[in-house]
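I opened this notebook to keep a record of what I looked up, one topic at a time. My plan is to go from strands to cores and then to rings.

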Amino acid sequence: MKYPHIFAPLTIKGVTFKNRVMDAPKTTDRTVFTGGTPTPECINGYEVRARGGVSCVTITESFVDDDRSARHDHTIDFYTPNKSVYHQEALFVLAESITRHGAVASVELNHTGAVNHPATIKDGKNPFGPSAFVREDGIQVEEMTEQDMEEVASHFAAAALGAKLAGFQMVMLHGGHGWLLGQYISPLTNKRTDKYGGSMENRARFPLMVIDHIRKACGEDFLIEYRMSGAERVPGGLELSEAVEFAKIIQDKVDIIHVTSGMYHNHVESKAFSSIYHPRGCNLDLAAAIKAAVHIPVTAVGGFNSPEQIEEAIASGKCDFVALGRQMLADPDFVNKVARGKEDEIMPCLRCSCFNPLASDPDKRVQVAPFECTVNPSSMRQLRLEWSPKVKEPGQKVLVVGGGPGGMYAALTAAERGHRVTLMDKGQKLGGALWYTDYDCHKDDMRQFRDHLANRVYRAGVDVQLGVTVTRETIEDFAPDAVILAIGGRPVAPRIPGLRENAKYALNVYTETPGKRCVMIGGGQVGIEVAMHLGDTGHQVEVLEMLDDYARDALWSHKEAFRIFKPESMTIHCSTQVTEVTPEGVKALAPDGTEVFYEADSVYYALGFRSPADELEPLMTVCPRTAVIGDCKKPARILQATRDGMFAAMDIV
């Protein structure tokens, strides 16, 4: 066996984990009816991942009461003792959808404590936590009394018992990321001077109270996994040495210790959810330190997406389990593919913040899209896609024009649905605009995604014709039954004096040798990412952005990563209007209206994309069944391109 440690079963108190890969809880699949009943689509989402071969599936955070614990109302209710018959049955079906595939069914129980908001608290009460204080937002946090602690502990126990009665075999207590249980053990948030504060022994009393209440309610045969931050990675927060001390205190009370890191409200910088700039397995060092100090199994989580890395982590004794988060949305069949020796077919997660809305002015309303996966558009849509019309006439002749992510996904989907698919692209390699990932020092994951998708296209039997410029006559001669146009967008080059003569589009950075001093005109996501590559490869970069903030088109977590990992040699100037580009540099107006000059050896621009209407129009009217997708329809993200490609192909029935 290639990965003997991954596929070594482990039995704890009669509960067998068939392998060492778990599906970690994610703030997704929260589709519930009013009252906390899981919908069929929610249940199906978890079943898809259980069917994918993991040893354990953990339902995303379920809050333990409707009093002060919940930060949102999209949570499955395990705590109400007298639920409706339908609700009880739905919980049973949810557990069975996991266990029927040989996976352990678990649910993450949580209480937000001091970071909750009165608007989400029953009767408008103030939030409470280990210590009283006034938050930065002006909210008064109340100090919990012993009666409060006993009451909350009983709520945890009621929720755990509700899960057990529904057929779940384990609960995960969320004691990390700055939530209530973690607030007690962190010196940053626990300032008490009584027996619940001070030493770690004292700070651990309330988490132990919760554990004891669950044990009493559910018995010794019901498993408890305790999720904790191995370090909070914020000034004044929990350090690894204290986390090790706490782990040793609870090791005889719980069955598994799950090691994460950081704080939810500072999740990028503290690695609670790693970004594209963090190393894979970014919390393994913390898990290894705790594993060395305790005698019970330890789970590591934090951006893993390689079976080789997982095998090494377990074989080296640094952990006993590895939990996959967003990677399980990118490819729920991860474990099955590893078991079948098809690791090269695993779709890699890009860690592109599928759970975040766009960065925006917090004082303005923004449209918050549902959770979506860039590399797997079927993710969290599986049930709806299963209900989609089946192909009535297989073998239709489909022409896809354009080999970028959208075109490839369209071709792949059409081929998998039984059509005869030809993909034509004017380039010499599939991938479209993602060719630059061969050169960008931060885009290894994106390059893997591109190559993975291209491999799947070839394996699906798509006739790929490269170096072909498709014209109206090309389509007429091909005589397709359906056409999908995915020719991409074109960079915008405004009529700024000297721009077209003295500056180049941003991606030219990767095909030439830039000078030492560079100027990037445009501080959107593309401009920032290319500038970061320049900065990290030895160049001095000035980014000039006319708006009052940079990367406004980036997802919030991605923008935070820009701020954290911005090279020292890179400077961003917002509210700066470029007036002219010369052979020596760039003239601009500073925020105060004064004229400034930025000397440059190389000038680049990233000022958005446009739809190539002049190229599209001749191609759109040849075949009556023609769909336009991706940037050539409307400049957007890869997420929209892959989604539109899949949907366009599924409409060919």
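I began with strand 21 and strand 28 (residues 602–605), which run parallel and are joined by 2 bridges. Looking along this pair in the predicted model, I found Tyr505 standing opposite Tyr605 in strand 28. I then traced the sheet around them and noted 5 strands in an open sheet, ordered 21-28-22-23-24, with parallel pairing. Which strands stand at the edges? I wrote down strand 21 (504–505) and strand 24 (570–573): each has a single partner strand, so one side of each is left without a neighbour in the sheet.

Next I looked up another parallel pair, in which strand 17 (residues 420–425) and strand 18 (residues 463–466) are linked over 4 bridges. For Met424 I looked for the bridge partner in strand 18, and I recorded Gln465. When I added helix 14 (residues 444–459) to my notes, I could describe strand 17, this helix and strand 18 as a right-handed β-α-β unit.

I turned to the nonpolar cores, keeping in mind that in soluble globular proteins nonpolar side chains tend to be buried together. The largest nonpolar core has 86 residues, and those that touch the most other members are Phe168, Leu173, Phe206, Ile257 and Ile290. Helix 3 (residues 146–166) gives the most to this core, with 9 residues. I also noted a second, separate core of 78 residues, which includes Val457, Ala493, Val541 and Ala551.

I went back to Phe168 and asked myself what it is in contact with, leaving aside neighbours within four places in sequence. My list for Phe168 includes Ile59, Phe78, Leu91, Val107 and Phe222, and Ser106 is also among its contacts.

My last entries concern rings, and I noted 13 aromatic pairs in the structure. One of them joins Trp435 and Tyr439 edge-to-face, with 6.1 Å centre to centre and 70° between the planes. Are these two residues buried, exposed or partly exposed? Trp435 counts as partly exposed because its relative accessibility is 32%, and Tyr439 is partly exposed too, with a relative accessible area of 48%. I then saw that Trp435 and Tyr439 belong with Tyr436 and Tyr510 to one aromatic cluster.

Finally, I looked for charged side chains over rings. I found the charged end of Arg71 over the ring of Tyr264, 4.5 Å from its centre, and Lys559 over the face of Tyr550, at 5.2 Å from the ring centre.

Definitions and conventions. Residues are numbered from 1 along each chain as its sequence is written. This is a predicted model: local features need pLDDT of at least 70, side-chain atom pairs count only at pLDDT 80 or more; totals for chains, interfaces and linings use all residues. Side-chain values use heavy atoms; hydrogens and water are left out. Rings of Phe, Tyr and Trp (its six-membered ring) pair if their centres lie within 6.5 Å; planes under 30 degrees apart count as stacked, over 60 as edge-to-face and the rest as tilted. Buried means under 20% relative accessible area, exposed over 50%, partly exposed in between (1.4 Å probe, protein chains only). A charge sits over a ring if NZ of Lys or CZ of Arg is within 6 Å of the ring centre and within 35 degrees of the ring normal. Two strands pair if DSSP finds at least two bridges between them. A crossover is right-handed if, with the strands pointing away from the viewer, the path from the first strand over the helix to the second runs clockwise. A nonpolar core is a set of buried Ala, Val, Leu, Ile, Met, Phe, Trp, Tyr and Cys residues joined through side-chain atoms within 4.5 Å. Contact means heavy atoms within 4.5 Å.
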